[in-house]
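Q: Could you take a close look at one part of this protein for me, and set it in the context of the whole chain?

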Amino acid sequence: GRVLARDLCGTEPERMSAIHFADYCVASFKDSGLEVAVVDDKATLLKDYPLLSAVGRSSFDVARHHPRVVKLTYTGEGEITRTLLFAGKGVVYDTGGADIKIAGGMAGMSRDKGGAAAVAGLMKTLSLLKPKGVKVIAELGLVRNSIGSEAFVTDEIITSHAGVRVRIGNTDAEGRLVLADLLSHLRIQATQSIAPSLFSVATLTGHVVRAYGGYSALVENAVAKQQGVAAKLQQIGQQWAEPFEVSY
């Protein structure tokens with residue numbers, strides 16, 4: 001799982017474009033027992049993932065940069081007692097779009113797909129360890145936030161998959177747009193699932209580094225806070241020498 005996550009996140013942007021990321025997942029999960037599907041049709045992406053497609057609007061002009069959504073499902077043996085649903089941010093390259101990154105801030109932005117890579121690594125680990133009684137569903141949003149005449153811009157109002165109108169305030173805040181559409185699809189599956197918990201996994205790059213240094217941050221909503229999710233994850237992270245900071 002760690003090796004898969006490293007391979008997906010760590011290489012250079014042309015080698016691990018959205019298309020190559022999706023292809024690598026398909027190859028890696030062959031004969032794994034996981035259900036794997038890739039959304040690659042432009043019309044379907046525009047209809048079902050409108051915010052993600054807005055982020056990738058300029059990338060549609062370049063065939064090798066087209067967006068993808070990878071869907072992965074693990075179903076453990078026995079009676080399912082819990083369902084975990086994960087949305088993974090996979091911005092394969094983040095220029096900042098029309099709000100372009102400056103002063104060298106674009107360097108390293110091929111790693112803005114770390115959330116999707118981490119979720120893919122988790123799914124690989126599940127396929128190997130095969131825990132019983134749990135179902136895990138993941139959607140990975142893979143897109144390049146490109147600059148160009150077709151790029152989305154601030155002040156646009158775009159209707160999300162959930163039917164919510166979103167006003168764009170900064171095109172370099174693209175990750176939440178990608179995640180919103182993924183989460184909208186997952187929330188529908190959550191309503192049909194047993195004891196569901198829904199997570200988003202993303203690189204927030206500069207802001208997390210400024211706040212916490214090189215550590216991952218846990219941000220809870222009200223329900224997660226009531227259940228003590230962040231405290232549990234922080235405790236487990238300590239055991240594995242992968243510490244978390246909890247954002248309050």
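A: Happy to! Starting with the whole, buried residues (under 20% relative accessible area with a 1.4 Å probe, protein chains only) make up 44% of the 248 residues in the protein chain. This is a predicted model, where local features need pLDDT of at least 70 and side-chain atom pairs count only at pLDDT 80 or more, while totals for chains, interfaces and linings use all residues. Residues are numbered from 1 along each chain as its sequence is written, and side-chain values use heavy atoms, leaving out hydrogens and water.

Now for the close look, at Glu174. This residue sits in the loop that links β6 (165-167) to α6 (175-191); helices (H or I, at least four residues) and strands (E, at least two) are DSSP runs, numbered from the N terminus. Glu174 counts as buried because its relative accessibility is 1%. Leaving aside residues up to four places away in sequence, Glu174 touches Val55, Lys89, Val91, Asp94, Asp112 and Asn145, where contact means heavy atoms within 4.5 Å.

Back to the chain around Glu174: there are nine helices and nine strands. Of the contacts in the protein chain with a separation of 6 or more, 75% are between residues 24 or more positions apart. Along its principal axes, the C-alpha trace spans about 50 × 40 × 35 Å.

Conventions: Buried < 20%, exposed > 50% of the residue type's maximum accessible area, 1.4 Å probe, protein only.
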